[in-house]
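Trainee: Could we go through this model together? I'd like to know what stands behind the labels people put on it.

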Amino acid sequence: MSEGSYQRLWDSSHVTLQELLDQEQPLLQPVPTREWQSFQYRLSSLYLYYLGLLRGFDTLYDQMVQPQKRRLLRRLLDSVAGRVLELKDEMADLEVPIPKYFMLEHSSIQQERELMLAEILSRMEPVSFQEIEPVMNRTDAIILLQTAERARQGRLRATFVREIRREEERDRKMREGGWHKFNQNQAAITIQKVWKGYLQRKHTQQDRQTEMEFIGMIPLPDPVEHLSVANLRKDVRRFRQMEKEEEFLVANVKTHDALRETEGPNMREKMKDQIRQWFIECHALTGRFPNYPDESLGGSYQIFSDKTPEQVKMELENPVPESSKKEDKNKEKEKEKKKGKEDKSKKGEADPMLKVLPSKFIPLINAGHEEYKNVWKNRPDHIHPDQSYDPKALRAEKRKELEQEIRIQVDELMRQELKNLRLAVDREEERPFKALKKKNGKKVGRKKEKDLTPNRSLASLFEELVVFGFIKKCKTVLLKDFIGDCLYLGSTLSLAHKLPMPSLFDVRQNVALYAVLRLGSPDIHSMAPLIRSILLVGPSGMGKKMLVNAVCTETGANLFDLSPANLQGKYPGKAGVQMLVHMVFKVARLLQPSVIWIGNAEKNFYKKVPKEEKEMDPKRIKKDLTKALRLLSPGDRVMLIGTTSQPQRAEVKGLCRTYERILFMPRPDYASRYVLWKHMLHAQRVHMTQSRLDISALAKVSDGYTSGHIFQAIRSVLTERRLLQLSRRPLVASEFLGHLAKLEPVHREEEESLKDWYFKTPLGMKKIEFNKDQEAEEARLAKEKKKRK
């Protein structure tokens, strides 16, 4: 795509954005509960459109070159992603895009951490290759070489004998008169016939292949060449982005210094004159000099933005008594109580109302949209054809920054001047500034955690955690590598008031929304609904640990391992556990984003600890872990992710209190199994167009098996030797059956037990209650229709 194409995409995205902003305001109006289906449809459509915008802004931010446009796109991208998270309650079957800058812009930091981790690990354990690979003795080596040489000679001898037999067969047919000699014309005609027949068969096969690809009967071939060219163009644009960004940063410094030298002195004197004039006017109107606004309230900026001398005079001459303020507050509280009582009394008479809560991100989206309309919408491209920065816009931005910088300096000088004026004119000491009162005398904000390691450096804490095995290197896995398909009957089951189980696609989408988008951007995390912890529940082999690694890979997060098995024998006693949890969360905050993983999370909340695990003491981290989680606030990009396959062995209340979101991962359904077989076979270089393999049959017979089981069966069958034989002996479904039979599937009793546990959790109980309410509402509406008839 050219720069003009990206500009047109930007313009069309803002047209869509304007339509969505127009739809946001009506959603704030209450809607009767009986219209919940239309209300849900409006929210779902809004959610889908915002997802489309997220994709568009991600593409634009990744490929646009102009640095000032990219800064606006970054703000819009984060704001739209935050709005998507706010609308997450209304699910939709569409893939959630992950912004590319999560990995691209933090790759250097991630590489530095990986190098530091690798250096510490290399100092810990020098690798001994002799122990890993046992040495073969001389006799075995000679036997192996002899076997290989005899096999080579046998293949040569077989080829030679085959050629001799062909020659003998040809001679026999010529003697029997089956062949006759051609003249030159007959030979040429015969060769032409054979060649034309070959060409026609080849063209027919290509046409059939194209037709089958068009109607979707066979998968499209991988467009390797096209993708390589497209990726090369994208990389070229990213390189240009870096060049223009460096040019823009240099221009930032030069413009700021130039404005400070040329316009700074005049700006400073003008501010002083304005503030002195304000002093004089206030003294003339009120008879005394005013209080100077505090720096935390904006300083002198508040004087010229909010108050005039006349307003100051009115406030001083007609002060509002505190008693009347308290009376007004009491009246407002009484009105609110009366309204609440009226609403409660009317609950039986009128329908409850539905409405969307005000969004934190809509004001940011509005501001970005207005900046686009005022600055970039009607600006022709020929002004900056090479996509360099705009000097005028840069000077205007730097002028505002310089004004704020100078205003702080001027405020300090003018406060002292005001103090001198009071002493000289009014003979009055400076009146102390009254700070805002705290509500009920209580401090606002969270309790600060006591630092147990005040004299330790970050490097020493990091190294200690690596040495003891609590910081580990995550496997490089992308979230898209977690394969699964949608639950196509999900909406049908919901309309029939049957609770559908989430598909693997839903699990991947929820992980993207709850974990990746929040950990990837500090702006999104600070304003989106706070989620501190996630629990992945499902049978073994479903890919729970793979999802943890994918979150770390996509966001560049550090991986901390606090699994009970990893804690055994380390940091004994209550003080040791307290110190360990403190160190982990301290390093996780300082090196955020971070993921704290706990495998077999049910062991921390055992109902009864088994005898064989009493030495491990898996519950000793429970109290300190919950305390540390409560201290996480918006902006702390630290997330606890637990994985478990046996949650029934834990206390439901403790587990659900620690993990705010529980994602249930049932065994794959038919659609997901079909996609898994197809994708994993393709990854092993098996082309479906050249194979007679019936994937539908494999998806059917593998019912009850997990993703890990399918992967094990494929790896067992497709050895290197079998891959070399594919051209002569195509794969058949029966080859996989023996290997699947050796594996233990997930029985229905086990899955039903997990489902029963899930519906005992608070979220599962809410789903059941909501389903019952909808059934009762539909039954009531059906009765009303019958009465009308």
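Mentor: Sure, and let's begin with strand pairing: two strands pair if DSSP finds at least two bridges between them. In β7, Val 537 has Thr 644 as its bridge partner. Keep in mind that this is a predicted model.

Trainee: How do you know that β4 pairs with β7?

Mentor: Count the bridges. Five of them join β4 (residues 533–537) to β7 (residues 638–644), and the two strands run parallel. Pairing takes at least two bridges, so β4 and β7 qualify.

Trainee: And what makes β8 a partner of β4?

Mentor: The argument runs along similar lines. Four bridges join β4 to β8 (residues 661–664), again in parallel, and since at least two are needed, they pair. Leu 536 stands opposite Leu 663 in β8, while Val 537 has Phe 664 as its bridge partner there.

Trainee: Which strands are the edges of the sheet, and what makes them edges?

Mentor: The sheet is open, with six strands in the order β3-β5-β6-β7-β4-β8 and mixed pairing. β3 (471–472) and β8 are the edge strands, as each pairs on one side only.

Trainee: How many residues of β4 are buried?

Mentor: Five of its five, so with buried meaning under 20% relative accessible area, the strand is mostly covered. In a regular strand the side chains alternate between the two faces of the sheet. In β4, Ser 533, Leu 535 and Val 537 are on one side and Ile 534 and Leu 536 on the other, and all are buried.

Trainee: On to helices. Why are α22 and α23 called roughly parallel?

Mentor: Their axes cross at roughly 30° and come within 9 Å. Angles under 35 degrees count as roughly parallel, so α22 (residues 573–590) and α23 (residues 622–630) get that label. Their crossing is right-handed. On the α22 side the contact is made by Val 577, Gln 578, Val 581, Phe 585 and Arg 589, and on the α23 side by Asp 624, Leu 625, Ala 628 and Leu 629. By class that is six nonpolar, one polar and two charged residues.

Trainee: Then why is α18 called oblique to α20?

Mentor: α18 (residues 504–520) and α20 (residues 544–555) pack at about 40°, with axes 10 Å apart. Roughly parallel needs an angle under 35 degrees and roughly perpendicular needs 65 to 115, so this pair is oblique. This crossing is right-handed. Val 507, Val 511, Ala 515, Val 516, Leu 519 and Gly 520 of α18 meet Leu 547, Val 551, Glu 554 and Thr 555 of α20. The classes here are seven nonpolar, two polar and one charged.

Trainee: Is Tyr 571 buried or exposed, and how do you know?

Mentor: Its relative accessible area is 13%; the cut-off for buried is under 20%, so Tyr 571 is buried. Tyr 571 lies in the loop between α21 (564–567) and α22, and its phi is near 50°, a positive value in a residue other than glycine.

Trainee: What makes Asn 600 partly exposed?

Mentor: Asn 600 has 36% relative accessibility; buried is under 20% and exposed over 50%, so partly exposed is the word. Asn 600 is in the loop between β6 and α23. Phi of Asn 600 is near 50°, a positive value in a residue other than glycine.

Trainee: One last thing: what is the omega of the cis peptide bond from Gln 592 to Pro 593?

Mentor: That omega is near 5°. Pro 593 is found in the loop between α22 and β6 (594–599).

Note on methods
Residues are numbered from 1 along each chain as its sequence is written. This is a predicted model: local features need pLDDT of at least 70, side-chain atom pairs count only at pLDDT 80 or more; totals for chains, interfaces and linings use all residues. Side-chain values use heavy atoms; hydrogens and water are left out. Axes are lines fitted to C-alpha atoms, for helices over the stretch in contact, and angles run from 0 to 180 degrees between N-to-C directions. Angles under 35 degrees count as roughly parallel, over 145 as roughly antiparallel, 65 to 115 as roughly perpendicular and the rest as oblique. A crossing is left-handed if the near helix is turned anticlockwise from the far one by less than a right angle, and right-handed if clockwise. Contact means heavy atoms within 4.5 Å. Ala, Val, Leu, Ile, Met, Phe, Trp, Tyr, Cys and Pro count as nonpolar, Asp, Glu, Lys and Arg as charged, and the others, Gly among them, as polar. Buried means under 20% relative accessible area, exposed over 50%, partly exposed in between (1.4 Å probe, protein chains only).
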